[in-house]
Structure formats: C-alpha cells, structure tokens
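The report below takes up a few local sites and then moves on to interface, cavities and ion pairs. Please read it alongside the sequence and the coordinates.

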Amino acid sequence: MATVQVSEAEKVYILHGVRDDLRVDGRGCEDYRHMEIETDMVSNTDGSAKVTLGHTDVLVGVKAEMGKPRPMVPDEGYLEFFVDCSANATPEFEGRGGDELGMELSNTLYKVFNNRYSVDLKSLCISRGEHCWVLYVDVLLLQCDGNLFDAISVAIKAALFNTKIPKVHISEDEEGGKEIELSDDPYDCMRLNVENVPCIVTLCKVGHRHVVDATLQEKACSVASLIISVTHKGTVTCVRKVGGGSLDPESIFEMTETGKRVGKALHAPLMELLQEEESLGKKRQKVGFLG
Amino acid sequence: MLKSKTFVKKTRSGGIMKIVREHYLRDDIWCGSEVCTECKQEETVLQKDTYIESNLCSFPHYLLPDTNIVLSQIDILEDPLIKNVIILQTVLQEVRHRSAPIYKRLKDILHDKEKHFYTFTNEHHRETYIEREQGESANDRNDRAIRISTKWYSDHLNNTPHGQEEKAEEFGLLTYRCEEYVKSLIANPELVDRLALTNDDKNEITSSKVLFPEHLPLSRIQSGIKSGTFQQGTFRASRDNYLEATVFVHGEGDDSTEVLIQGLQNLNRAVHQDLVAVEILPLNQWVAPSSVVLQDEGPKEDDVTEEEEEAELKSGPSGAASRKPTGRVVGIIKRNWRPFCGMLFLSQIKEATRHLFTPADRRIPRIRIETRQAATLAGQRIMVAVDGWPKHSRYPNGHFVRSLGSAGDKETETEVLLLEHDVPHQDFSQAVLSFLPKMPWNITEEDMAVREDLRNLTVCSVDPPGCTDIDDALHCRDLPNGNQEVGVHIADVSHFIRPGNAMDLEAANRGTTVYLTGRRIDMVPELLSSNLCSLRSSVERLAFSCIWEINDKAEIVKTRFTKSVINSKASLTYAEAQMRIDDANMNDDTTKSLRGLNRLAKILKKRRIEKGALTLSSPEVRFHIDSETHDPIDLQTKELKETNSMVEEFMLLANISVAQKIYDEFSECALLRKHPAPPPSNYDILNKAAKSKDMVIHTDSAKALADSLDAAQVDGFPYFNTLLRILATRCMMQAVYFCSGMDSDFHHYGLASPIYTHFTSPIRRYSDIIVHRLLAVAIGADSTYPDLMDKHKQSALCNNLNYRHKMAQYAQRASVAYHTQLFFKSRGILNEEGFILFVRKNAIIVLIPKFGLEGTVFFENKDKPSPKLIFNEEVPSLTVEGHSFNMFDKVKVTISLDASNVQHQKIRMSLVEPVNVNGMPVTCRMSSFQVNVNGMPVTCRMG
C-alpha cells in the first residue's frame, strides 16, 4: 500500500489536531473528504461507476455473464471480485507489486458483498440449478490517496445500482429441452435491488480517538484501523481489523458506534445522488476520465 | 461526434454478450442533389430536372422508398424509367439483412450511373441520426429514422422531395403508397404490371374458400424437426406429374432419404427447390410413385375440385412392395423463388387483366399475374417473379418482370436457356473490366526476370477448329542423353487475375466458360480469353509450364514446373496436326515434335488402359452453323482423331503430375478432382442389357469393366459396342471437385488414377486458376493469400464450381437440343434408323446415332385407347400388340418437329419398322410418339 514518510513533528501535529477534532485539512473526525461519483462510465460493461474521494480514484465495472449456480445454493447467482492495482496509481504496484493488496481487497469484498443479505442473489438465478447470472465485479485502482475500502465500496454500490442485466426468458419445448431466449430490445433489462448493499466505513485509530476517511498522513500516524460494513439501516454486517497495532475492546465498541452513525449518514445522500443521476437519463453530459 | 451503439447478442455457445460499437457522426455528408446550394459537394448524383409525369405530384421530385418498398418492388426500381431515387443507409442495411439477392440488385442499381440513385448515409449524419428509444422496436426505430431523414431532405431542399411511406404523414410530408404513385405515372402505364402484389390485393383475387392447410409457424417447425416429428428437406417437384413430388431429406453423413408427396393438399404450396418441413404419414397411407404423366392443362377455377385428378393419380400401381415413405408438407422453411421464364397463357375472357403464366420449367406451377399488356406479351418469352401463395388460391401470385423477346427467336431462346440454368451471362461490369491490363500489353523486363525464357522452343498448340481460347501448347525435343523432353505449356491466367479483385470474384462465381452451340459465355473477359491468355502462334505469351524428362519407354524420369515465356510456332487443328504426322514429306521441327509426342502418347495411353482406365462413349454431335443466319445446316457426330487423344494424354499427365505436387505441398487445401466408383446397383441395367446378348459384364473393378467392354462384340452389329459403352456411361457417378482436407477418398475411377486435378484449362475453368495459384506457391513463384489456405472456403468454392459445371452441362445439352429442333424444322420429315436403348413400362427409348438424338417414346395416348402392353421387367422387354421390343433392337423412325406448343417444341417420331404381325406399320396404331428432347444423354466427360 502506498505509504508516506511522516516526521515526528508532523505526527505530533496531526495527533494533537485529531485530539481537538480538527484535522490537517480542516475536517472533523467524522467527516469525509470531497467525493465525486459518476456512473455508466464504461459502455462495454453492464454497469460501471467511478468514485473520486480526495485524490483516491477508483473505477468499478460490473459484467454479467451466464454461469452455473453453485451446487450448495442452486437458486442463487453469485459475484466474483477482481481488484486490479494499476501501476498508474502508485509505482509500487508495478509488476506484481499490487497483487498482495489486490488479493486482500478482493477477499474483503467477497466477505462484505457476496452474501444473500447484501445483494439479492436469488434474483440472479435464471433456472434453478442450471443457469444463473454471475456478476464479475472488476475494481481498478487509478489513484491511491488513502481510504481505498470506503471508495471501493461506494463505487461498487453505485456500479451495482447502475447494472442492467439483459432479460432472458427460458422457453421449454415438449421434450423438456430448454432454450434461452433473449429479448431484442436493449432497454428490456433487469435492475438489481441495491437497498441492502452495505458501504464500508474505515476507522483509523489516531492517538486516543479515531478518524473516518484517513489521509495517507493520518494513516501513517495510526497503528490499527477497523473496517466496518454498514447497511443503510445501520446494521453492521462485517467488521475487520487491519494494521499491526492492537485495539482495546472499549475503543472497538466506540469505533463500531461511530461507524454505524457515519455509514447511515453516507447511504442516504449516496442513494439520492444515484437516483438523480439516473433520472437525467441520456441527456446527462458525461464527464468521463478527463473531466 | 462519437456515439456508441450497444446491443446484446447471444453467442453460439449459449452465453450472452454485450457488444458496443463506436459510431461516428459527421457534418460533411452531403445531400447529393444538383438543386442544393448549401452542401459543398464536388459532384451530384440526383438531377435537377427530374420530371416524371405523375398525377400525384406535378412538380419535380425525388423518390425516397422505405425498406418494404425496396424489398417488394425491386422490379419497379430496376425499371429504367425510375430515376433520381434516394436510398437511405437505414434502408440499405435493412435490405441487406433481409434479402441478399435483393441487396445485390439494389447495389447494382446504385452503381448504375444512368439511374441517378443516391445513397444517403443518414446513420452517420449528425442531424438525421437517431437513437433507439425505450420501448421502441428495431423496426420502429428504422421507420422513424427514415421519416427523420425524409423530413431533413424536405427541409433541406425546400420541399422538393417527398417519400412514399404511409406513416410519414404525421410529419406533414408528402407520402404515397407505391401503387398509387406508380399508377399516377401518366406516360408509362406498363410499369403497373411490374408492381408486386401486396397483401390487400391478394384478397380480391381469390375466393374465400381455403384450398390449402395453413403452414406451421417457424418455431413449431423447428421444435418439430428437433423432436423428429418433422423432417427437413429440399422439395423437388416431379417433371412429369404436377401432383407429385419428392422431398430429399438430408440425413446424417451420407444417408439421406426421399419422401414422396402426392396430391395438391399434401404438396401444400411448396415450389420446386424450396426448403420444406414434411411430416411422414402413417404406414397405411404410404403409396407408390405413380408412373402416370400428368400435366396441369388449363386454368382451373379455385372451386373446381381436384378429386377427379387425384383419383387418377391414385390408380397407379399400388403393389405393397413399391410403396415409399409418403408425407405431407407442413411448412416452408425457406422459399427458393427466383424469377421464372415462361410464357403467358391468356385468359379466355377478353378484357381480363389476370392471366396465368406457364413457366418453361415444368416443375414450377403456373403463376397468376396481373397485366394490361396481355395482348403484346402473348407469344413472348417473359420473366415473372412470385410474390406469394395464399392458402385460398389455386396458383401462386406473381408479377411481370420483363420481356425477353418473342418466343422461337433464337436470341430469346438462348436467353431463356441461360436464365433457366442459372448461368451468369451479363456483360462484365466496369469494376471487372478495370482490372484488365492496359493495352497495348507487352511482356516487361520484370516478367522476363522471374520467368524462364522458352521462346526458342518449338511449341505448338492443337485444338478443335475455330478455337480462340487456346490454353494449352506442347513441345517435345530430344535430349543429348537419349531421353526426350516434353513440355505442356498452359496459359498463365493467374498472372492476370489476382486473388480477391472484382475480376477474380466474378470468375469464381461463373466457375466455367459455357459453350453453347454458336455462342460462348466467357468466364473471363474476352481480352484475356481470346487474346492475352490465348497461346496463339507467333506471339510471346506468358505460360505455366510443366516439363518432364521422359525415357524411351515413356517413363517419367524428372518433372519440373516453371513459369515461363513461350512463343508458339503453330496453332494447328486436330486434322492439320494429323496430316503433318502422316505426311512423310514434312520434316520440319514442329512435325518432328508432333511425331515424338504422338509416339509417347500411344505408349502412355496403352499403359493407362492397362491400368483400368475406361473408354466410354456418348453420342456427341456438332452442328455446322450457317455463318449468315446462324441456323444449323448440318449435323455430324464428333470424330476422334489420333491427335485428339495425343493432346488428351499429355493433359492427363500434366494434371496428374500437378495434382501430386500440390497435394504433397498442401495436404489440407489442395483442390483436387475425384470420380467415385459407382455403387454396384448402378450397373443393373448394363448387366441386363449384356445378358440379352448372352454376354457377361464384370463390374467389380474399373479394369474388369474396361476389359469386358472391350470383349463385348456382336458380329454384324458394329454399333453394339458403342451402345454398350453409352449405357456404361449412364452408370457412372459425376466427377467432382473437392478440397483434399475435407475428404479422404481421392480416387478417380474413370481414369484409374489415385489422384487427379484440373490444371490445363485456366481460361475456361476457375478450378484450374486455383490449382495454378497453389502450384505457383509450391514452386515459390507467387505469394499465397489466406483464402487459398482455408479448407472451408475452398470447400465452399468447390461446391459452387461443381454446381456451375453441372448447370453448364445442362445448358449445353439444352442448347444442342434446341438446335436439333431448329435443324429438324428446316429439314422437314426424315426417316432414320435407331436403336432401342432402354425399355420402360409404357415406353421405349430410342437413340438415333446419326444425330445423337435420344427420346422417350410413350405407347400410351390420352385420347386413344391404349394398345395392349406386356412388360417383362426381367429381360427387360415390352410386347406391344404382339410385337416384342428388346434392348438394342433396330427400329426405323420418322422424325418431324411438333411446333404446336411454342414453349415446349417437341420432336415427334413415328415408328416405320418393324411392322407388326398384321403387316400394318406399328405407327398407324400408335399414332405419334413424342421425343422428349430434354432427356438428352448424361455424358460423363472423362477428366
């Protein structure tokens, strides 16, 4: 992961600031940086979104392909994640440098998203035990400036919201032979219910307090952080601790409480924004990568 | 401006793919009109002065047809009267998608400068491009695109043009239905006839009575075929009986079955060559094919019941043994309608505009057309396109396309013949001609550098008289070591025809040059076929040479292939060459060379025959054509000289050598020719025939067959052997081209060669061009290209070549038949001797050697009581009123021309000898026998 070198004096400055709820860039401890979202960025995916959080830049594409349901859950589709740490983001990712981080990120994403409580996996089933939709979620890191998890989770939620799966219809002939038929209208497609899709809130323990959306400098001052995925209702679906340091149970509880509060507050404007963008339809002026 | 087009597609493996294509919109697409001052176009297609007299719009206007009009009324658009038409890209794409032949015709019109048709690329124009909206079907979107473009044109040219489709009216555009518009063209009423009937019109024509069962929808047919309840096959109508047909069901691999269809209801509106779905009837309803000849005689009203005819049909032989799988047509998978040639059968009612059209091909049903020029069209050969066949109509509906000329006219008849045999015979297009070398053409330094200079060799060509496309030449000289060097030099056509260009594609499509009596339809433009490629004497020509070193026993010591430059010393006819060889006084180089070749050829031929090559026979005739009138004045059977077989021998040798070379080099994609061994059952008739003369023909191998044919002689009956060989020819299979990667059996049965190809006639056969290219690559003289190495593409090409060759043969035969008729027309009535070739249940087939003419002679006559016929299938013999006819019996017949039916002129024969027991000539009783000229012998050309 991209790291920065911070001097002792700087560390003290940051720590003192956080203690007083005033961070280097003027934010409070529970504030996010400026966030930009654009969906439907990549035309050859079925759904896509780009999220910019501070200087962190993440692109997510969702491609729906037909597959066979997993034997244990014959009536559900599933998601596959792949995180590509592009060397564009930071030179450290060059060669196989980003593989480890990519693996770690995608493992977390599996835990957070690939379950029936987060995504309505049943709606991805086409015919029980035979055909289902597999959503390939490809995450591309374009720029790393801290707090990757939150940015990725928001981008995934937006991309899933944007995903349009072509409607298929199974016709059966007399002998029971099944034929998949595809509607010829490109507008005839299925949308996913993303209401329960959680967002990840990463809380960084800095000194005695914890901050949301830590910058790289803040991250350097922190020994451990907690990754909490929260639904729009404030339900915590997953908690993970990352980083070398230890957290005492008391502060874990505090951090979880903060996470729930911040997560809840994050969902509402996000959904509102996505709905608004959707309602603009084709008239929307696309910003793209150069905007 | 960039837009993207997105659509979802199902892949072959069952997956679903989203496909995104970039789509660029531009501002610099011009309207193409002379009237326009805004567009910065360099040249315009649409004229300023576009006046067609029309009731509906009395001002100059352009036409802008929509897709349906193009699809259904292409004949109208092809009319020279219709000019200044805007074809939208949307329309063009839709047409391309829905009908490839119509697309091709439309493209041809667009290329025709005289027609002033303009393609407007509205899909790329910024102002006329539209995106598909939610809930809009692809069709609706295209219709909207057409309306938008029409409106754009209308605004752009200040209301000059207007479209034709109905829906555009909401835009306030001037739109007319095609019928209305065409009918409004005051000056040109004949155009109305070319209108295709649309659905609403059909209803008026027919009564409400439903004559045919409904066709099943395609989805039902497909699931039925999958489950095996239905069979899919090609519908083949019977030539002799309009109420009977067979459906050829293609099974797995080679096994394919035929399903018999009988009766109008079961035929269910299928037309010859359609792809249909059939349902096999239960076993107790199976019938045997009837041997009755039934022709749909006159126009029948729809309410006339067909029961009478059907009853007649069923009265055929009903022995359980001869029953065949019988079925009924349940649906049409693909219509294979093409414009048909034929003649108009005038309605009895004088003022009627609806008439029946009788196609020249008897397998095609009559077609009902509407025309106001019936009086003019009567007696002319016309072309008619089929529009549809509603279930309550006895006949399909169609419309008049064009007139070919008056019937009986030689030009017209040849045209009909070419059209009916699907022989492409239009003049070469400008695009094709543009690839011809510039004249004057000379051999350049570069050519000389890569070619071997063989100009000093004594090369000469031997061909039939009057041949202008000389594609082979030979030489022979002694080598210092006592061996001989023999060269076969073939015109290097592949030097001029480069792969992939328009000329190459055209040649590949034509496949072969078609030789009709008195006319030649070239495969390549004349400049090449008769000049630059033709190896004429005393000019330098490019050649592809195959040169052998041959020892005294005619064994090949060394073979090599090279591109070369030659200068032929003499172009001889077979007769001239023969004279030189025979004339002991002539000792020039050419003659010596010929003698050497002749000597070697004799050895080669002997060896080939020892190996089991067949010498078969077929009566081939040649006409002497009057140079003024082009009428045949005499007729002679082809005479074979020693020199014929000399040339043939070396061509075979070259072909075999090349076949081996290209197969060694490209085992997967060599184009070869094979001649499969016929199945033993094919020889039944030959065995029976031989038995009647107490002879045995061994057919287990080609060698055995050749030997027993040689041994079969009857004293005092020299023609017997020839007759037997003619029969043997009928037993053979067709030789076909194939791609070596797609087949494992390469054997050429007739030539007894393990491998064979065609190399020696690239001017008249496309297969040879491909073989030239392969050989050129093999010896490093030319570069290869992807299609040449693609066995699937080659295989498809072979299919086309085989089809074209077959059709060319049929056309050739039909042309000979037509000229035979002309000949007999001028000769009046003739008495000739002939032999019985086959004996059938109710007929004998007579061959007249002098004319190579063969005909089926029926002993049954509709109007007269049938004579007493006893048929013995075992012998076979037919006893008519006590006189028995056997195979090979000599008979004497009177030949005359029956011109009572202009469309199907017949040669009539009457038996003169033998007389029957009462001393009365058989002819008196049997009145007349018809000779079906279409049943010409099936020749099996060697090689």
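S645(B) has a relative accessibility of 18% and therefore counts as buried, since the cut-off for that class is under 20%. The model in which this value was computed is a predicted one. S645(B) belongs to helix α20 of chain B, which covers residues 642-665, and its C-alpha atom is 7.7 Å from that of A601(B), although the two residues are 44 positions apart in sequence.

**Chain A and the interface**

Chain A contains five helices and 14 strands, and 50% of its 291 residues count as buried. Among the contacts in chain A with a separation of 6 or more, 70% are made by residues that are 24 or more positions apart.

Between the two chains, 18 residues of chain B are in contact with 19 residues of chain A. The area buried between chain B and chain A is about 1,600 Å², and carbon and sulfur atoms give 52% of that area. On the side of chain B, the residues that lose the most area to chain A are I16(B), K18(B) and R132(B), which together account for 38% of what that side buries. Which ion pairs cross the interface of chain B and chain A? The rule finds zero salt bridges across this interface, whereas a search of the whole structure, over all chains, finds 52 salt bridges.

**Salt bridges**

Side chains of opposite charge can pair when their charged atoms come close. Three of the pairs found in the model are set out here, with the distance taken from N to O.

| Pair | N to O distance |
|---|---|
| R96(A) and D99(A) | 3.4 Å |
| R451(B) and D492(B) | 2.6 Å |
| D492(B) and K563(B) | 3.2 Å |

In the pair of chain A, R96(A) is exposed, with a relative accessible area of 71%, while D99(A), with a relative accessible area of 40%, is partly exposed.

The surroundings of the pair R451(B) and D492(B) can be described in the same terms. R451(B) has a relative accessibility of 8% and counts as buried, and D492(B) is likewise buried, with a relative accessible area of 1%. Where in chain B do R451(B) and D492(B) lie? R451(B) sits in the loop between α14 (445-450) and β17 (452-453), and D492(B) sits in the loop between β20 (484-491) and α15 (493-496), so their salt bridge ties together parts of the chain that are 41 residues apart in sequence.

D492(B) also forms a salt bridge with K563(B), where the closest N and O atoms are 3.2 Å apart. This second pair links distant parts of the chain, because D492(B) is in the loop between β20 and α15 whereas K563(B) is in strand β24 (residues 556-573), 71 residues apart. Both D492(B) and K563(B) are buried. Elsewhere, in chain A, salt bridges that share partners join D25(A), R27(A), R33(A), D145(A) and D213(A) into one network.

**Cavities and backbone angles**

Rolling a probe the size of a water molecule over the atoms shows where empty space is left. The structure holds four cavities of 30 Å³ or more, and the second largest cavity contains about 60 Å³ of space. How many nonpolar, polar and charged residues line the second largest cavity? Its lining has five nonpolar residues, one polar residue and four charged residues. The residues concerned are D422(B), V423(B), P424(B), R510(B), T512(B), V514(B), I521(B), D522(B), R804(B) and A808(B).

One of these lining residues, D422(B), has a positive phi of about 55° although it is not a glycine. D422(B) is placed in the loop between α12 (410-420) and α13 (430-433) of chain B, and with a relative accessible area of 37% it is partly exposed.

In chain A, D40(A) has a phi near 55°, again a positive value in a residue other than glycine. D40(A) lies in the loop between β1 (35-39) and β2 (47-53) of chain A, and at 27% relative accessibility D40(A) counts as partly exposed.

Terms used:
Residues numbered from 1 in each chain as written. Chains lettered and ligands numbered in written order. Predicted model: local features only at pLDDT ≥ 70, side-chain atom pairs only at ≥ 80, totals over all residues. Heavy atoms only, no water. Helix = DSSP H or I, 4+ residues; strand = E, 2+ residues; numbered from the N terminus. Buried < 20%, exposed > 50% of the residue type's maximum accessible area, 1.4 Å probe, protein only. 1 Å grid on protein atoms, 1.4 Å probe; cavity = no way out; pocket = protein on both sides within 12 Å on 5 of 7 lines; lining within 4 Å. Points joined across faces, edges and corners; volume = space filled by probe spheres on them. Nonpolar A, V, L, I, M, F, W, Y, C, P; charged D, E, K, R; others polar. Contact = heavy atoms within 4.5 Å. Buried area = accessible area lost by both parts, 1.4 Å probe. Salt bridge = Lys/Arg side-chain N within 4 Å of Asp/Glu carboxyl O.
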